Amino acid sequence: MTLGELLAVLRRRWYLMVPITMIGLLTGGYMYTSVPVTYESQSSVSLLDSTAVARQAPTFGNPIANAGGSLVVTADVLIRTLESTDAAKSLSGMGVTDRYTVGFAAQASGPLVGLSVSGTDRNKVLRETKALTDFAGEQLQALQSASQVAPQYYVKAAPIVLPQTPVSQMKARYQRVAAVVIAATAAGFFLCFATESVALARRRRTGAPAVPPGRGMKAMLPGRGLLRRELDATAVLTVYMALAFFIPSNLALPALGGVGTPANVFALLALLWYLASWLSGRITPAYGTRGPRLAMCVLAAAVLMAYVADATRSASHEEVLAADRGLIGLLVWVALVVLVSAGVQDRDRLDTLMRRMVVMGTVVAAIGYYDFFFATNIADSVHIPGLNSSVAGVTTLDRGSFVRPRSTTAQPLEFGGMLAILLPFAVQQAFDPVRKGASALRRWGPVALMGGALPLTVSRTSIIGAAIVVLVLLPRWKPQRRWAAIGLLTASVAVFKVLVPGLIGTITTLFSSFLSNSDSSTQARTVKYSAIVPYLKERPLFGRGFGTFTPDLYFYTDNQYMLSLAEMGLLGLVALFTLYFCGIHHGGVIRRIARTESDRELGQAFFASALVALVASATFDALMFPMFAGMFFLTLGAGGGYAGFLRRDAGPAPGAGSAAGSASAPAAAPAAPAASGRPAVPAARAAQPQLVES
């Protein structure tokens, strides 16, 4: 469906679109003027162990300080005490009536507790923050006194950030206004096309023209132009990928938070375009492509149940907003999977989409080389009006003597993980006979740039991802190609030792310290796993709410599975594994039913990519990074699309026999020519339904 057709429908149904949109604008304006400005003050308290711990402690010790052997656990005990109902009543008696939050301080790996109070009276907020800070120390002392701890072994609460001058929080107001306006506009848009679909079906039954004379797109937009150009899912997704790859993923609209990247906003608009095309009959999901959409249904069920679970507990205002952003993120992922698996109607167009994905990923990898060798980050110099960084303190990271590049991603781990899930497709496209006419640079350049950029991140995630790709692809190759690849990999290691002295040794040290459990980075991550257990026991089935376990309120998990357990419970973990195994299943299906060696290698590439995502999610919270998540869901949908195309080539869809015997049976039509060396597809399957313009 063209943009002109969309505008023509909105013009015909203006009596629905205009009033609903105006109601949304008026409601948003009223909220902006009537909702008072919120002020927030913050302070931080650090827990300090007693001086007596330098001597041998009595046998009973301090059960609070020694619970788990770390003051981080003591801080967790204090946080839970301050969040209790009794503490809230005590604070209310002290005059703390505004909303307050208690949690681990952001980006803190030690026993650092963050306190904040939000309210509409600036002076009162400051007084309440001071009272809350003093109350935290009193509660810590009361806990130890109740446990009969000797005073010389008391853990002390030392304020290291005094209550700060309250600052206005306009972001929450903007988020409310934006949510109302966006919801009203989307509702009007959907209602317009739902009404148009009903009217179109009625006209077909009565034999009337699909569009009344003088009210169609041609009457509205005479001549030719951009608005009359036919759009397809590949073109729409190409724009999404350009926004995702080339605009730093930490830049987002302030009103939407981290989920409001330009690429995500465009994905939501693209979903509206797909719904309009589907309701008007211009797009029909292809046979055999519903696998990834069913997997998304499982994820959607987990997210929605977690959202309900969040609404049933006394969640803070920040957690409620985070849960709302989680729903927006879910819609973005659904849009990507639906657009690829159901929107791309032609095999060649899906091939084009995958080639464009690899080319754009190669450019991002090339930017990573610049960051590494020039010890900078080019994304830091990108400033776009209207976009703010959603990641606090994004800086250039280093490990050893090497700068870890992140290119246009938010973090080096995201950079390496994203390249690892795209590398199998770069290898498959380099070997594809369809591209044998292309130069060696065009075919092998993406493989060299992506594969070479992985060790530059100096992270275990990247090396593990590269190893998985090699171990999955290599055994399926013929001996000649396999030994050539092994020789090339060996030579690449030697080249890195010469060009980047010390890099291979640093990476080797990373893995040796990991295996010997002497790596501080690994210990900082694994020590947090036990801290997830209390939250899981509290809400084991549905979790605390998708998107609510943020570092600002809790702590970094650095593990997507642990994060899913905390946010969505066991159902969320099942949904996550369903996604990954769905991608692995698609790779196996493509490989099993493929007729050509090229398609079998394509299936192996999907298998390797999904396996990389499965393993990488245990090393960082992968789906919380927009570029990694976007590319994963695109490849998930593409795997379902390819599986559907190959199923249609392998045999007729169920029930097609009766249609073949009809008077207008398309089965007798000649086969469509293979445009790009692919197996010929019967015209009955190659042609897409040509429905009446609406």
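Reader: What makes the angle between the axes of H11 and H21 count as roughly parallel or roughly antiparallel?
Author: In this predicted model, residues are numbered from 1 along each chain as its sequence is written, and local features need pLDDT of at least 70, while side-chain atom pairs count only at pLDDT 80 or more. Totals for chains, interfaces and linings use all residues, and side-chain values use heavy atoms, with hydrogens and water left out. Now, the axes (lines fitted to C-alpha atoms over the stretch in contact, with angles from 0 to 180 degrees between N-to-C directions) of H11 and helix H21 (residues 626-650) cross at roughly 30° and come within 7 Å. Angles under 35 degrees count as roughly parallel and those over 145 as roughly antiparallel, so this pair is roughly parallel.

Reader: Which residues of H11 and H21 meet?
Author: Trp 333, Leu 336, Val 337, Val 340 and Ser 341 of H11 meet Ala 629, Gly 630, Phe 633, Leu 634, Leu 636, Gly 637 and Ala 638 of H21. Contact means heavy atoms within 4.5 Å. Sorted by class, that gives 9 nonpolar, 3 polar and no charged residues; Gly counts as polar here.

Reader: How do you know whether H8 and H11 are roughly parallel or antiparallel to each other?
Author: Helix H8 (residues 233-246) and helix H11 (residues 317-343) have axes that cross at roughly 150° and come within 10 Å. That angle is over 145, and therefore H8 and H11 are roughly antiparallel. The H8 side of the contact is Ala 233, Leu 237 and Tyr 240, and the H11 side is Leu 336, Leu 339, Val 340 and Gly 343. Of these residues, 6 are nonpolar, 1 is polar and none is charged.

Reader: What makes a space a cavity, and how many of 30 Å³ or more are there?
Author: A cavity is a set of points on a 1 Å grid over the protein atoms alone where a 1.4 Å probe fits but cannot get out. The search of the whole structure finds 6 of them at 30 Å³ or more. The second largest holds about 80 Å³ of space.

Reader: What lines the second largest cavity?
Author: Its lining residues (an atom within 4 Å of a point) include Tyr 240, Leu 243, Thr 261, Asn 264, Pro 626 and Met 627. H8, helix H9 (262-279) and H21 each give two or more residues to the lining. By class, the lining has 9 nonpolar, 3 polar and no charged residues.

Conventions. Helices (H or I, at least four residues) and strands (E, at least two) are DSSP runs, numbered from the N terminus. Angles under 35 degrees count as roughly parallel, over 145 as roughly antiparallel, 65 to 115 as roughly perpendicular and the rest as oblique. On a 1 Å grid over the protein atoms alone, a cavity is a set of points where a 1.4 Å probe fits but cannot get out, and a pocket is an open set with protein on both sides within 12 Å along at least five of seven lines; lining residues have an atom within 4 Å of a point. Grid points are joined across faces, edges and corners, and a volume is the space filled by probe spheres set on the points.
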